[in-house]
Amino acid sequence: MWNQAKKLPYLLIAPSAAFLMIFFLYPFASVITQAFEHSSTDGYSLTNFQEVFSHWKFSISLENTLLLTAAVVPIQLALALLMATMVNSMRKGRDLILYIWTIPLGISDLAAGIIWLVIFEQTGFLNSLMLNLGLIERPVALLTYQNPMMIFVAIALAEIWRATAIMLVILVAGIGLIPREYYEAASVFRASKWQQFIRITLPLLKPSLQTALILRVILAFEVFAVVAALGGTLFPVLMGETYVYQFDLLNSGAAAAIALVILGLSIAFTLIVLRILKVPKGVTM
């Protein structure tokens, strides 16, 4: 009977362990193998990485990915903090407002890109608005190679609109776990709302901030469908180049190499976030 009780936890986690082995660890090992294998060499080498790094589009893709992440994630963090604070301070209509703000979570990346393409294209909403206001005489093509900044702005806006809700949901849950007694005590000592936010909310929200930032940064490095819809080949990113190598050039080794580069960036920035937002021992919110 005792032996059966000791085996029970292992039996319960066996299905999850098998799922991870089949659908995560095995594909991950396969990607690593493909990245270091090359048809022109026997065994393993860095040929795929050398091929990828020497291509002229790699540096541009890396730069675009990092710039987009640096522009989008801080804005999303500020918006998510503001929205989460507003939602948690509301007494009526809280659930409705939160539901409306999280609607973009139910829209796929490609659909979000197409929605914003309808806004920015030559016959779209933005051109119609500028025509009605008399700002332009005829519709203009905004998303062209002549307007790289406009393409960047359109992609950034689409990503901010689409993915801010991911951070919002995490932060709303985190703020909801902070005991209200802290704010009541701060009010007794006449602390302002800003002082309460700086002295109470932010310190106790660090675990949720960690989770939100890590998840959002990883997803930012993997941006693809929104870029494909709005920028196409005019705004190359790392995940887009992975797609090109895998499906257009049929070079799975190079695609796997870029995938590992994205993984390396994700791990590096995860460690940076963990270092900056180090949570003291005993804080579990």
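1. Asn-64 is buried, with a relative accessible area of 12%, and it is a convenient place to begin reading this predicted model. The residue belongs to helix α3, which spans residues 56–89. Leaving aside residues up to four places away in sequence, Asn-64 touches Phe-235, Pro-236 and Val-237. Because a relative accessible area under 20% is the criterion for burial, the 12% of Asn-64 places this residue among the buried ones.

2. Helix α3 also carries Lys-57, which is joined to a distant part of the chain: Lys-57 and Glu-241 form a salt bridge through their side chains, with an N to O distance of 3.3 Å. Glu-241 sits in helix α12 (residues 238–248), and the two partners, 184 residues apart, link distant parts of the chain. Both ends of this pair are covered, since Glu-241 has a relative accessibility of 9% and counts as buried, while Lys-57 is buried with a relative accessible area of 16%.

3. The structure holds five salt bridges in total, and a further one to examine is that between the side chains of Glu-159 and Arg-162, at 2.9 Å from N to O. These two residues both belong to helix α7 (residues 148–176), where they are three residues apart, about one turn of the helix. Glu-159 and Arg-162 are both buried.

4. Which residue forms a salt bridge with Glu-159 at a closest N and O distance of 2.8 Å? The partner is Arg-216. Because Arg-216 lies in helix α10 (residues 206–221) and Glu-159 in helix α7, this pair ties together parts of the chain that are 57 residues apart in sequence. Arg-216 is buried, as is Glu-159. Through salt bridges that share partners, Asp-109, Glu-159, Arg-162 and Arg-216 are joined into one network.

5. As for the surface, a nonpolar patch is formed by Phe-19, Leu-20, Met-21, Ile-22, Phe-23, Phe-24 and Leu-25, which together have about 750 Å² of accessible area. Met-21, one of the patch residues, is located in helix α1 (residues 2–36). Its relative accessible area is 49%, so Met-21 is partly exposed; a residue counts as exposed only over 50%.

6. The overall architecture should be read alongside these local points. The chain contains 13 helices and zero strands, and the order of elements from the N terminus is accordingly α-α-α-α-α-α-α-α-α-α-α-α-α. Taken along the principal axes, the C-alpha atoms fill a box of roughly 80 × 70 × 30 Å. Of the contacts in the chain with a separation of 6 or more, 69% are between residues 24 or more positions apart.

7. Two whole-chain values concern burial and exposure. Of the 285 residues in the chain, 37% are buried. The chain exposes about 17,500 Å², and carbon and sulfur atoms supply 68% of that area.

8. A last point concerns charge. The chain has 17 positive and 14 negative side chains, and the centres of these two sets are 21 Å apart. Among the charged side chains are the buried Glu-241 and the buried Lys-57, together with Glu-159 and Arg-162, which are buried as well.

Methods
Residues numbered from 1 in each chain as written. Heavy atoms only, no water. Helix = DSSP H or I, 4+ residues; strand = E, 2+ residues; numbered from the N terminus. Buried < 20%, exposed > 50% of the residue type's maximum accessible area, 1.4 Å probe, protein only. Contact = heavy atoms within 4.5 Å. Areas by Shrake-Rupley, 256 points an atom, 1.4 Å probe, with all protein chains shown as cover. Lys, Arg positive; Asp, Glu negative; His and termini not counted. Charge placed at Lys NZ, Arg CZ, Asp CG, Glu CD. Patch = residues over 30% accessible without salt bridge, like charges linked within 9 Å, V, L, I, M, F, W, Y side chains within 5 Å. Salt bridge = Lys/Arg side-chain N within 4 Å of Asp/Glu carboxyl O.
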